[in-house]
Each structure stands twice: as structure tokens, then as C-alpha cells.
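Q: Please take a close look at the enclosed space inside this model. I would like a connected account of what surrounds it.
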Amino acid sequence: MSKQGPGLFIAFEGGDGAGKSTQAARLAEALESRGLTVLRTREPGGTPIGEKLRSLVLDHGHGHIDAHTEALIFAASRAAHAAQVIRPALERGEIVLTDRYIDSSVAYQGAGRDLGEDAVRSLNEWATSGLQPHLTVLLDVDPAMGRQRRTAGNAAEDRLESEADEFHGRIRKAFLELAGRRSDSYLVLPAHLPIGELAATILARVDALLAALAVDSVGAVPSAAADGGGNP
Ligand code: TYD
């Protein structure tokens with residue numbers, strides 16, 4: 001895996017309706033109030049081409065998209081995102097918060113679409129040249145609760161969201177398995193906890209990580225992940 005610069009890379013993962021965006025926003029606000037430079041981004045998307053790929057893969061109306069095509073579109077969006085947005089920000093010493101990353105593909109396409117973890121993981125490691133988050137925050141949501149939250153106010157569900165609860169149940173299980181294997185680089189939290197409590201727990205974990213990496217200000221991290229291994 002490749003060198004990934006001196007910044008800090010955090011991914012938010014979880015089922016649809018878990019509240020990832022809310023928590024990413026809260027964390028960004030807390031870190032920015034200390035003068036740290038934070039880049040908030042999302043997948044699929046995050047680049048002009050990624051946003052086009054996002055509508056291709058999520059909007060209804062493009063006809064049937066087979067599972068391999070779907071996995072390749074997410075990976076293509078991620079390749080652009082890693083090369084053009086995440087890696088440059090890490091090289092500038094910034095804190096990157098992404099709403100979804102490789103684990104989403106492993107869970108949705110690997111488990112949900114049954115393409116298998118190994119194939120999806122290797123496709124995505126190739127696409128990102130091995131760029132890995134220092135920390136993944138997994139907000140674990142019950143599929144029924146996720147659906148209730150995301151359809152509140154009559155919001156329309158996208159192509160993936162509108163899959164059955166059984167599909168979302170497989171995804172939930174896959175996320176938890178991934179986190180269980182690497183508990184050192186995951187923070188797993190039940191998504192039903194109060195927003196403020198989740199935000200405080202996430203900030204405490206990020207603070208511990210910042211202290212371990214000695215981040216005092218932007219650009220001051222002494223090679224957080226410059227071990228050539230790509231992992232913290
Ligand atoms: P998301 O942006 O979280 O949805 P929203 O805009 O409603 O917050 O994600 C869009 C959908 O794409 C979501 O159902 C998960 C799915 N997805 C995958 O299936 N694979 C992936 O690799 C990614 C990044 C997302």
C-alpha cells in the first residue's frame with residue numbers, strides 16, 4: 001500500500017438512515033472550532049466525475065444495473081475521489097471526513113449484491129492504491145429504523161435505499177463483521193443514541209487519535225501514516 005501523507009483520514013459508515021452526515025458535520029464543526037482544517041466529502045461523489053457517477057448509479061430510470069457494473073461505478077467514483085480529493089488533502093495535513101468509503105462497497109456490493117468480500121475489496125484497493133482510513137466510525141442502524149428515518153418527511157428513496165429490509169440486514173451484518181475484525185481502527189456506535197451523545201463519543205475517540213498522532217495544528221502531524229503501509 002502507498003504512502004498517504006501527514007493528515008488524518010476518517011470514514012463514516014453505516015446503513016441508510018444511520019445519521020452519518022449529521023455526525024460528520026458535528027465532528028467537522030468541533031475540529032474547525034479549534035483551528036484545524038477539515039475537508040468533508042462523500043461517496044459516491046466528491047469530484048465532478050464522481051457526482052455524475054453518483055446520479056448514474058443511484059437514480060432510478062437508468063434501467064437495470066447488474067451487480068458488477070454497480071460495483072465498478074462505485075469503485076470508479078472512489079478512484080477519482082481518492083486521487084483528486086482525499087490524498088491531496090492528506091498531503092496538505094488536513095483532516096478528511098468522508099461519508100462512506102470502501103467498507104460501503106464491501107457491505108453493499110460484496111454482501112448485499114453477493115459479489116463476495118475478496119473481489120470487491122481487491123477492486124477497491126486497486127482503485128485507491130491502498131488508501132485506508134485511520135479510523136472508521138460505524139453507526140449501526142436497524143434496517144427498519146433506518147427506513148423510517150430516511151422516509152420521514154416523504155423523502156424519496158434512491159435505487160439502493162429502496163431495496164428490501166432483508167438486503168439492508170445483510171449489509172448491517174457485513175459492516176459489523178468488518179468492524180469486529182479490526183476493532184483498533186473502528187468505533188462502532190448504536191445509531192439510536194442521542195445525537196449529542198454520539199457526537200461526544202466520536203470526538204473523544206478522535207481526540208485520542210489526534211493526541212497519538214501529535215496533531216496540534218494543520219500540517220503539524222509528523223507522518224501519521226507515512227509508514228509505507230497505508231494503515232495507522
Ligand atoms: P448515501 O450518500 O449515504 O445516501 P444519502 O444521500 O441518502 O445519504 O449513499 C447512497 C447509496 O449508495 C446508499 O444506499 C449506499 C450506496 N453505496 C453502495 O452501495 N456502495 C458504495 O460503495 C457506496 C459508497 C454507497
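How many residues line the largest cavity, and which of them lie nearest its centre?

A: The model is predicted. The lining of the largest cavity is made up of 14 residues, and those nearest its centre are Gly 14, Gly 15, Val 141, His 168 and Arg 172. The structure has one cavity of 30 Å³ or more, and the space in the largest cavity comes to about 80 Å³. By residue class, its lining splits into five nonpolar, four polar and five charged residues. Three elements each contribute at least two lining residues: strand 4 (135-140), helix 6 (143-151) and helix 7 (165-181).

Strand 4 can be followed further through Thr 136, which is part of that strand. The relative accessibility of Thr 136 is 6%, under the 20% limit, so this residue counts as buried. Beyond its neighbours within four places in sequence, Thr 136 makes contact with Ala 11, Glu 13, Asp 103, Ser 185, Tyr 186 and Leu 187.

Glu 13 also appears among the contacts of Lys 20. Lys 20 is in helix 1, which spans residues 20-32. With a relative accessible area of 8%, again under 20%, Lys 20 is therefore buried despite being classed as charged. With neighbours within four places in sequence set aside, Lys 20 touches Phe 12, Glu 13, Gly 14, Gly 15, Asp 99, Arg 100 and Leu 139. Two of these contacts, Gly 14 and Gly 15, are among the residues nearest the centre of the largest cavity.

Lys 20 also leads to the largest pocket, where Lys 20 is one of the residues nearest the centre, together with Asp 16, Arg 54, Arg 100 and Glu 161. Arg 100 is in contact with Lys 20 as well. The largest pocket has 26 lining residues and a volume of about 500 Å³. Two or more of its lining residues come from each of helix 1, helix 2 (48-58), helix 3 (67-91) and helix 4 (102-112). Helix 4 gives the largest share, with four residues. The pocket lining consists of eight nonpolar, seven polar and eleven charged residues.

To draw the account together, Lys 20 contacts Gly 14 and Gly 15, which are among the residues nearest the cavity centre, while Lys 20 is itself among the residues nearest the pocket centre.

How values were computed. Residues are numbered from 1 along each chain as its sequence is written. This is a predicted model: local features need pLDDT of at least 70, side-chain atom pairs count only at pLDDT 80 or more; totals for chains, interfaces and linings use all residues. Side-chain values use heavy atoms; hydrogens and water are left out. On a 1 Å grid over the protein atoms alone, a cavity is a set of points where a 1.4 Å probe fits but cannot get out, and a pocket is an open set with protein on both sides within 12 Å along at least five of seven lines; lining residues have an atom within 4 Å of a point. Grid points are joined across faces, edges and corners, and a volume is the space filled by probe spheres set on the points. Buried means under 20% relative accessible area, exposed over 50%, partly exposed in between (1.4 Å probe, protein chains only). Contact means heavy atoms within 4.5 Å.
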